[in-house]
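Visitor: I have the sequence and the model open in front of me. Please take me through the fold, step by step.

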Amino acid sequence: MDALLATDGLMDPIAAVTHPDPYPHYARWRDGPALTWEARRCLWVVTRADAVQHLLATPALRVRPAAEPVPAALVGQPAGELFGLLIRMNDGPAHTTQRPAIQRTLAGLPLRQVRAQALALGRAQAGRSTLDNALFEWPVQAVAQALGFAAAELPHVAAWVREFAACLSPLAGTDELVNAHRAAETLMARMTRLVAESAPRDASLLQAVQAAAGAQSRHARPLIANLVGLLSQTCDATAGLVGNSLLAWVRHGAPAPADTPSAWIEEVARHDAPVQNTRRFVAEDTVLDGQLLRAGDAVLLVLAAAQRDPALNPAPDRFDPGRPGRRLLGFGHGPHACPGQALATTLAGAAVQALREHGLDRDRVACHAGRYRASVNARIPVWGL
Ligand code: HEM
């Protein structure tokens with residue numbers, strides 16, 4: 001029997017993240033109960049769109065376990081301090097105080113200008129990075145540039161961000177943790193310096209966040225950490241979106257003249273989600289959908305499966321960039337929904353265009369052998385190119 005399948009024939013939902021084709025398996029999960037206990041992973045699994053939306057909006061479920069707000073492996077170290085300040089990793093005041101400024105700023109970004117700058121950056125970088133690295137480096141460099149980092153610093157910032165982002169995964173080993181602590185310290189120091197500079201570049205993302213945050217919090221460590229958080233949130237997720245867009249180009253063809261680039265990339269994000277799942281933790285005993293969840297239980301919300309729920313998107317397995325009323329859950333839902341969705345699709349579109357302009361052809365993309373980077377939630381193809 002396939003080692004990824006339990007006796008009930010359902011695929012391990014974590015192994016599914018990096019499986020060449022998890023979608024028929026997700027459909028089987030969706031046909032089952034709204035909440036299923038997955039004994040191999042000791043967590044509840046939720047795959048239906050209505051249940052995912054409901055649970056992501058339920059205050060009884062939190063982004064971190066009450067007993068471990070910061071992963072034990074990070075506590076007392078620089079990466080732990082940074083982790084503990086991120087809105088993504090907090091509920092309550094630490095979330096609600098910082099989120100509005102970030103959300104307002106990202107919602108007001110001039111996306112045409114961001115796209116032009118990201119394209120110019122990709123064109124300038126083309127030929128300097130391998131394909132596998134370009135997926136990570138270009139979007140992060142584009143956000144760092146938008147924040148106001150100088151051109152010479154961009155490759156360094158991208159490397160530190162990738163090192164820090166590695167510690168967000170429970171798969172991080174000892175060496176990765178050591179690098180992540182060093183990178184977190186450096187990123188906090190560089191961001192503090194950028195904030196302290198007397199005149200951050202006009203119309204920079206940094207200036208906009210600072211204005212939205214107000215004078216009081218401008219130099220405060222939580223804001224600095226969440227500026228670093230914009231870079232780390234971009235890193236793996238956007239790498240996955242660029243990579244999965246390249247695979248979609250091979251599988252489904254290039255965008256038709258009628259497809260807007262952003263609609264085409266959004267359909268990739270729906271059809272082959274870069275962030276396949278997210279977790280929540282039960283704060284107190286709660287009955288959900290007739291099922292008792294106990295305080296401390298973990299819940300895996302399979303966003304990639306929920307976006308392919310026919311109740312959310314009709315004919316969900318069809319790749320259809322012109323799909324009317326497309327509904328995404330791959331960027332989350334509820335109070336923690338991703339504020340960077342439009343930015344992410346813009347950056348991914350620019351990266352794909354720059355790669356294709358630089359001569360990346362379909363045959364090279366098509367040599368993808370079904371390999372994905374090891375991860376419990378991100379779907380990032382690896383070419384070895
Ligand atoms: C394809 C790329 C991206 C995907 C698929 C993605 C997906 C997500 C998801 C699923 C969440 C919610 C997690 C949860 O509730 O458990 C999230 C949160 C977040 N994302 Fe994104 N994201 C992407 C890119 C970006 C970018 C480019 C930025 C900003 C530069 C960003 C900033 C954030 C922030 C700040 C949060 C935390 C929001 C909160 O907790 O209130 N993301 N993202």
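Guide: Gladly, and one term first: two strands pair if DSSP finds at least two bridges between them. Helices (H or I, at least four residues) and strands (E, at least two) are DSSP runs, numbered from the N terminus. The model is predicted, so to speak of local features pLDDT must be at least 70 and for side-chain atom pairs 80 or more, while totals for chains, interfaces and linings use all residues. Residue numbers start from 1 along each chain as its sequence is written.

Visitor: What is the bridge partner of Arg-62 in S4?

Guide: Strand S3 covers residues 61–62, and S3 pairs with S4 in the antiparallel sense over two bridges. Strand S4 itself spans residues 278–282. Within S4, the partner of Arg-62 is Phe-281.

Visitor: Which residue in S7 does Phe-281 stand opposite?

Guide: S4 also runs antiparallel to strand S7 (residues 298–301), and four bridges join the two. Along this pairing, Arg-280 faces Val-299 in S7. Phe-281, for its part, stands opposite Ala-298.

Visitor: And which residue of S7 is the bridge partner of Val-45?

Guide: Val-45 takes us to strand S2, residues 43–46. S2 and S7 pair in the parallel sense, over three bridges. Here the partner in S7 is Leu-300.

Visitor: What is the strand order of the open sheet?

Guide: The pairings we have met include S3 with S4, antiparallel, S4 with S7, antiparallel, and S2 with S7, parallel. The sheet has five strands with mixed pairing, in the order S1-S2-S7-S4-S3.

Visitor: Which strands stand at the edges, each with one side left without a neighbour?

Guide: An edge strand here has a single partner strand, so one side of it is left without a neighbour in the sheet. That describes strand S1 (36–38) and strand S3 (61–62).

Visitor: Which helix packs on the sheet?

Guide: Touching goes by contact, that is, C-beta atoms placed from the backbone lie within 7 Å. The helix in question spans residues 49–56 and touches S2, S3, S4 and S7. It is helix H2.

Visitor: How many of the residues of S4 are buried?

Guide: Counting other C-beta atoms (placed from the backbone) within 10 Å of a residue's own, 20 or more means buried, 12 or fewer exposed, and anything in between partly exposed. S4 is mostly covered, and of its five residues the buried ones number four.

Visitor: Buried or exposed: which is Cys-42?

Guide: Cys-42 is found in the loop between S1 and S2. Its phi is positive, near 55°, in a residue other than glycine. Because it has 9 C-beta neighbours inside 10 Å, Cys-42 counts as exposed.

Visitor: Where is the place of Asp-289, which also has a positive phi?

Guide: Asp-289 is not a glycine, yet its phi is about 50°. With 14 C-beta neighbours inside 10 Å, it counts as partly exposed. Its place is the loop between strand S5 (286–288) and strand S6 (291–293).

Visitor: How many other C-beta atoms lie within 10 Å of Pro-139?

Guide: Pro-139 lies in helix H6, residues 131–147. Beyond its neighbours within four places in sequence, Pro-139 is in contact with Thr-234, Thr-238, Val-242, Leu-347, Ala-348 and Ala-351. Pro-139 is buried, and its count of other C-beta atoms within 10 Å is 29.

Visitor: Which helix supplies the largest share of the shell around the ligand?

Guide: Of the 26 residues around the ligand, Ala-237, Gly-332, His-336, Cys-338 and Gly-340 come nearest; to be near, a residue's C-beta atom, placed from the backbone, lies within 6 Å of the molecule or strand. Helix H4 (93–107), helix H10 (221–252) and helix H13 (341–357) each supply at least two residues of this shell. The largest share, seven residues, comes from H10.

Visitor: Finally, what percentage of the residues in the chain is buried?

Guide: The chain holds 14 helices and seven strands, and its C-alpha atoms fill a box of roughly 60 × 50 × 40 Å along the principal axes. Among contacts with a separation of 6 or more, 71% join residues 24 or more positions apart. Of the 385 residues in the chain, the buried share is 45%.

Methods: Two residues are in contact if their C-beta atoms, placed from the backbone, lie within 7 Å. Axes are lines fitted to C-alpha atoms, for helices over the stretch in contact, and angles run from 0 to 180 degrees between N-to-C directions.
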